[in-house]
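Trainee: I'd like a close look at the salt bridges in this model, please. Which pairs should I pick out, how well covered are they, and what surrounds them?

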Amino acid sequence: MGTFKIPTIFTSKSHPRLPYQNTIRQNLVDKPESHNGSNRVFRFLRGLMSGGKIDGGSRTEAEEKLYSWLYALAQSDKDLVFEYVRSTERGLSFTEAERRLKENGPNVPVDFSFPSWWHFLWSAFFHPFNIILIVLSVISYITSDSPNGCIMLVLVLISVCLRFYQEYGSSKAAMELSEFVRCPVKVQRCAGRVVQTELVVQIDQRDIVPGDIIIFEPGDLFPGDVRLLSSKHLVVSQASLTGESWTTEKTADIRENQSTPLLDLRNICFMGTNVVSGSGSGLVVSTGSKTYMSTMFSNIGKKKPPNEFEDGVRRISYVLVAVMLVVVTIIVITDYSTSRDLSESILFGVSVASALTPQMLPLIVNTSLAKGALAMARDRCIIKSLSAIRNMGSMDILCIDKTGTLTMNRAIMVNYLDSWGLDKEKVLQFAFLNSYFKTDQKYPLDDAILAHVYTNGFRFQPSKWKKLDEIPFDFIRRRVSIIMEREEDTDPHSFVRVMVTKGALEEVMKVCSFMENVDSGTISPFSPEQYQRIINMTEEISNEGLRVIGVATKKLEKIRYERKDNDDTSESDMVFLGLITFFDPPKDSAKQALWRLAEKGVKAKVLTGDSLSLSIRVCKEVGIRTTHVVTGPELELLDQDAFHETVKTATVLARLTPTQKLRVVQSLQTIGNHIVGFLGDGVNDSLALDAAHVGISVDSGASVAKDFADIILLEKDLNVLIAGVEHGRLTFGNTMKYIKMSVIANLGSVLSILIATLVLKYEPLTARQLLTQNFLYSVGQIAIPWDKMEDDYVKVPQRWSKKGLPMFILWNGPVCTLFDVTTLLFLWFYYKADSLEDLVFFHTAWFIEGLLMQTLIIHLIRTEKIPFIQEFASWPVLCSTVLVSAIGIAIPFTPIGAVMGFIKLPLSYFGFLVVLFIGYFVVGQVVKRLYIFVYKTWL
């Protein structure tokens, strides 16, 4: 990920000429702390005691300043706002605007530097074991052991290339934010030295500065945070910030109060939001890095959770380096004291160091991850970060943004109710006719009504009606009316003319003076009591997660031939018929997918910007518990401890802002110690996607969301995630197999060599023999990524344990050394191989025993069960074991063996090896069961 350079929201320097950094503004934003120095001390001490943990329940200092600034503007008169930003009602002059632009730079939300190819290459290269292998290869070349050095460099090259190829070009991070700042904006500027004239010019959004007066109309994006000066029927979409699909009405002629949530301020518009309908003008009060959007995105990349696996591998590397330095030093000194050949002793020491290093670890890890990435690609997933696959296996909480993930993201019609909540076909009939004849613009709700009528066999005969006129929908009236007529059944020369209105319930009821009893056909006055009763009924319906619109009619008695085009058909004195309810249904696969995730130990939490009632309805449908729910405004009122406790227990969190989603994710990570995945597709999800251990988006999501995601789903299907979890746990398990097996085998082998060197006073293997043994063993482990895992292992999340590996080594490491020492004693006492004359025989016997021990250990480590009896490895692992073992046994009987200094071994020795390895597996299985009994885990 690239580097974000976020300037401080408000600089502390004094610039008297800067209109947006004047004394008034400083007093506004700094007032809460300007007269109390003890607050700073308290915050400092609290920060020390908290250990730097994230405060999920409170805003950052930059956010507090931004909130104070915007609330001060929202609560002030328009005349005073000009004073705050040092502007005038005529706008800025071109000279002043140019000066401010030079002072502050372009109006872009985030200054982003894109990572170049060498950044990814360096990241793939800089692995502790890669460095160890390179150092050892250099030493090998210096000591004239070129083949060994070449092998180690090839292993490093393959590992680096695998990771670099997979991750290069994966994360452009916030580059797509520029989509908000690429279109022209109408700005009012003043020109003239003596007589100033107001001019309206178009400039690029990058050139907007605080103090500019902008003029906007439908479709325009706000280029910064704006205090409205004038507005006419202004409706704004804030979906990019809140995730809610509903629009928001804005007005300039209002003074807000401190209790209004920031994004609900009606006289403030935010950068990145857009005008749906209406028009107006506004004063730009914040641009660039000082806007709400930039403050929101300033958290990106700064609090990414540490990677437990990478930290664990790094600690292992440090331990192995320390052991390597001690053991190799002792071996070199011991060998030199006997041979008096320093060059040969150093070469043998390098060979021992090479044997101690898990040379295949980078290759095994990256091969396992690449294999998982290819498997998920077949499930229609794009893996941008290889480590995300491993994190999927550790994930135990999945946070989901509801819309389009759990639901189909489309409306279906549910009920057609009269004023008393009873299903009445007449209500549906007129709602259908309205949608049928509507031509201005059909919305999803119209499609839902038409689909319901057609699929349920209703026959409303629209052909008998003739459309006369239409009053189209707009975001102020929030209703649409159709005027239509049909012939009277009794008199073909007369007709019935009707106006049918449907739309937002409150707006429809505003124009109603009567209500109809559909059963009796009687019409009665629309009293306040009836109005309140319908409102209460609607609230109950809304609490069930349904969306409601109202339907009303008005009869216009006219003779056909007397109709005039300019008839006054205003929406008034209408008759209220009833309600139509809609629901965004959950996907058929969502409930099953969530149940399968729960089976695998992954709990689901819904984090959404939608309303609480709608979220609860959907969650009930898909099987998510709704006993603990909370909203964003409620979270805002909690202190830190209460916030963390609420986040811990809540399963549905609704009406969340982007920063609240971020804090919820961070609270789960830091306080709850969970591995958190986040699935979202909007700009408002970007913060949480970036902070989560596993960020998941969809192909149809916003560009910014896809850039911050680690995994992109080509289909909005949670079942794909289940496969990802299984692949992640398989990858994690196979990686842990290699790490534990290689560390135990290598440490056991090196300790055995140390003991043998100290006892025998000569090398148990030559440098060439040791390197050949290590090479054959390493090649045999390449098949590990293709091994399988037991069913019980993939049923629960798997995480790296800081104490697990050291204890595993202490329990299982001595077993290898014990049987190596047994071989040493057998050779010493049975074959009397304790002198230099028997050196070749000892080398050959030790070579085969060590190679077989290291090759067979994978079968003991890879399963909790009894190997070769209760559980068999996959066929690639079995084949590699047989092949490497056969090559190792055969080498002494070939010309290659003679070149390497081996001789043919008696059959009695192979009989001893059979008994030895049976004993090894018996003792190892006993130790395994004891370890599992004590620690309740194995891998």
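Mentor: Let's fix our words before we start: a residue is buried under 20% relative accessible area, exposed over 50%, and partly exposed in between. Keep in mind, too, that this is a predicted model. On those terms, Glu98 is partly exposed, because its relative accessible area is 45%. Its salt-bridge partner is Lys102, and the closest N and O atoms of the two are 3.8 Å apart. That pair counts because the cut-off for a salt bridge is within 4 Å. Lys102 has a relative accessible area of 67%, so this residue is exposed. Both residues sit in helix H5, which covers residues 94-104, and since they are four residues apart there, about one helical turn separates them.

Now try a pair from another part of the chain. Glu507 bridges to Arg479, with 3.8 Å between the closest N and O atoms. Here the partners come from two elements: Glu507 belongs to helix H17 (residues 505-510) and Arg479 to strand S15 (residues 479-487), so the bridge ties together parts that are 28 residues apart in sequence. What about cover? Glu507 has 9% relative accessibility, so it counts as buried, and Arg479, also at 9%, is buried as well.

Next comes Arg862 with Asp787, where the closest N and O atoms are 2.8 Å apart. This one links distant parts of the chain, 75 residues apart: Arg862 is in the loop between H29 and helix H30 (875-890), while Asp787 is in the loop between helix H27 (767-780) and helix H28 (804-829). Arg862 is buried at 4% relative accessibility, and Asp787 is buried at 3%. Back around the Glu507 pair, salt bridges with shared partners join Arg478, Arg479, Glu507, Lys510 and Glu571 into one network. If you search the whole structure, you get 25 salt bridges, so what I've shown you is a sample of how the definition plays out.

Now for the surroundings. Arg862 follows H29 in the loop we just visited, so let's stay with that helix. H29 runs over residues 839-861, and its axis comes within 11 Å of the axis of H32, with a crossing angle of roughly 35°. The crossing is right-handed. On the H29 side the contact uses, among others, Trp846, Leu852, Met853 and Leu856, and on the H32 side the contributors include Phe910, Leu913, Phe917, Tyr920 and Phe921.

H32 itself spans residues 907-935, and Ile918 lies in it. With a relative accessible area of 51%, Ile918 is exposed. Ile918 also helps make a nonpolar surface patch of about 500 Å², together with Val914, Val922, Val923, Val926 and Leu930.

A couple of backbone oddities are worth a glance while you have the structure up. Arg86 isn't a glycine, yet its phi is positive, at about 55°. You'll find Arg86 in the loop from helix H4 (78-84) to strand S2 (92-93), and at 38% relative accessible area it is partly exposed. Asp573, again not a glycine, has a positive phi of about 50°. Its loop runs between strand S19 (547-556) and strand S20 (574-583), and Asp573 is partly exposed at 47%.

One more spot shows how the chain folds back on itself. Pro633 and Pro261 are 372 residues apart in sequence, but their C-alpha atoms are 7.3 Å apart in space. Pro633 is in helix H21 (residues 632-636) and is partly exposed at 29%. Leaving aside residues up to four places away in sequence, Pro633 touches Arg655 and Gln660.

Finally, zoom out. The protein chain has 32 helices and 26 strands, and 55% of its 939 residues are buried. Of the contacts between residues at least 6 apart in sequence, 76% join residues at least 24 apart. As for the outside, the chain exposes about 40700 Å², and carbon and sulfur atoms supply 58% of that area.

Definitions and conventions: Residues numbered from 1 in each chain as written. Predicted model: local features only at pLDDT ≥ 70, side-chain atom pairs only at ≥ 80, totals over all residues. Heavy atoms only, no water. Buried < 20%, exposed > 50% of the residue type's maximum accessible area, 1.4 Å probe, protein only. Contact = heavy atoms within 4.5 Å. Areas by Shrake-Rupley, 256 points an atom, 1.4 Å probe, with all protein chains shown as cover. Patch = residues over 30% accessible without salt bridge, like charges linked within 9 Å, V, L, I, M, F, W, Y side chains within 5 Å. Salt bridge = Lys/Arg side-chain N within 4 Å of Asp/Glu carboxyl O. Axes fitted to C-alpha atoms, helices over the stretch in contact; angles between N-to-C directions. Left-handed = near helix turned anticlockwise from the far one by under 90°.
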